[in-house]
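Colleague: Could you take one part of this model and walk me through it slowly, as you would for someone in their first year?

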Amino acid sequence: MNKGLTIAVSGKGGVGKTFLSAMLIKRLSAHGSVLAIDADPDSNLPDALGVTVTKNVGGAREAILNAPARSKVASSKQEALELALHEAIQEFPKFDVIVMGRSEGEGCYCAVNHVIRQVIDTRARGYDFTVVDCHAGLEHLSRRTTRDVDIMLVVTDPTKNGMQTAKRIIELSKELLIEFGAILVVANRVTKENKPQVEQTARENGLEIAAYIPYEPLVAQFDLLGKPVTEIPEDSPASIAIGEICQRILSYT
């Protein structure tokens with residue numbers, strides 16, 4: 001593989017982005033090295049993967065930004081941020097994980113976000129795959145934190161709001177001139193009964209569904225029990241559908 005492939009998973013909150021991200025990370029790890037980036041302040045990706053992460057970028061970032069004016073850290077914030085980002089990447093047998101952590105406080109940190117993008121992009125080049133579990137909604141696009149993404153998976157559920165958010169994400173990416181190798185809309189929690197309505201609502205919003213993930217009751221059950229969703233059997237309909245998405249991703253390598 002000549003170039004690492006970056007996959008961003010986006011969509012409205014609660015549509016199953018983290019479930020899809022975790023399952024893709026598990027499958028892609030069988031084909032190469034994977035960097036998993038949890039860009040959602042709620043940080044659910046480690047739990048979904050069944051790992052414990054003790055560091056995050058958010059805490060380190062706030063400490064650096066609030067460092068005393070005459071301190072060594074304050075005089076070299078970029079270097080300190082780069083070091084903090086590298087140290088925040090935690091290694092596990094099948095993949096590495098970096099958690100962005102809590103959202104920013106008051107003020108504009110555009111320069112800090114720029115440094116974060118640079119460092120993540122640089123580090124990601126050392127992996128065959130980078131999977132980004134994005135913040136809910138459109139914020140990650142408006143801040144241009146998902147530029148240089150090879151594949152954007154826009155996840156929706158069988159709701160009008162989910163579809164409209166997916167539509168807005170695609171429209172905003174075009175307005176911001178963000179380059180994606182491919183944008184694929186994925187419908188999650190699809191049943192035999194609701195699929196016709198899903199297809200109709202997608203058409204009404206000008207969306208072409210690239211993949212359907214069947215409703216998987218084990219997701220809620222595992223969440224209640226504190227079990228990682230990656231333990232869902234590979235022969236379940238949802239797992240099989242995600243396996244097909246994985247194969248489509250691999251076709252871009």
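Modeller: A residue is called buried here when its relative accessible area is under 20%, and that cut-off is needed for what follows. Please keep in mind that this is a predicted model. The part I have chosen is strand 5, which covers residues 129–133. On one side of this strand Phe129, Val131 and Asp133 are buried, and on the other side Thr130 and Val132 are buried as well, so that both faces are covered, given the cut-off above. Because 5 of the 5 residues of strand 5 are buried, the strand is largely enclosed by the rest of the structure.

Let us turn to its neighbours. In general, strands of a sheet pair through backbone hydrogen bonds, in either a parallel or an antiparallel way. Strand 1, residues 5–11, runs parallel to strand 5 and is joined to it by 5 bridges; along this pairing, Thr6 stands opposite Thr130, and Val9 stands opposite Asp133. Strand 2, residues 34–38, also pairs with strand 5 in the parallel sense, over 5 bridges, and there Val34 has Phe129 as its bridge partner.

Seen within the whole sheet, these strands belong to an open arrangement of 8 strands with mixed pairing, in the order 3-4-2-5-1-6-7-8. The edge strands, each pairing on one side only, are strand 3 (90–91) and strand 8 (209–214). Helix 9, residues 195–204, packs on the sheet, where it touches strand 7 and strand 8, and its direction makes about 155° with that of strand 8. Helix 8, residues 160–175, lies across strand 1, strand 6 and strand 7, running at about 155° to strand 6.

Notes
Residues numbered from 1 in each chain as written. Predicted model: local features only at pLDDT ≥ 70, side-chain atom pairs only at ≥ 80, totals over all residues. Heavy atoms only, no water. Buried < 20%, exposed > 50% of the residue type's maximum accessible area, 1.4 Å probe, protein only. Helix = DSSP H or I, 4+ residues; strand = E, 2+ residues; numbered from the N terminus. Pairing = 2+ DSSP bridges. Contact = heavy atoms within 4.5 Å. Axes fitted to C-alpha atoms, helices over the stretch in contact; angles between N-to-C directions.
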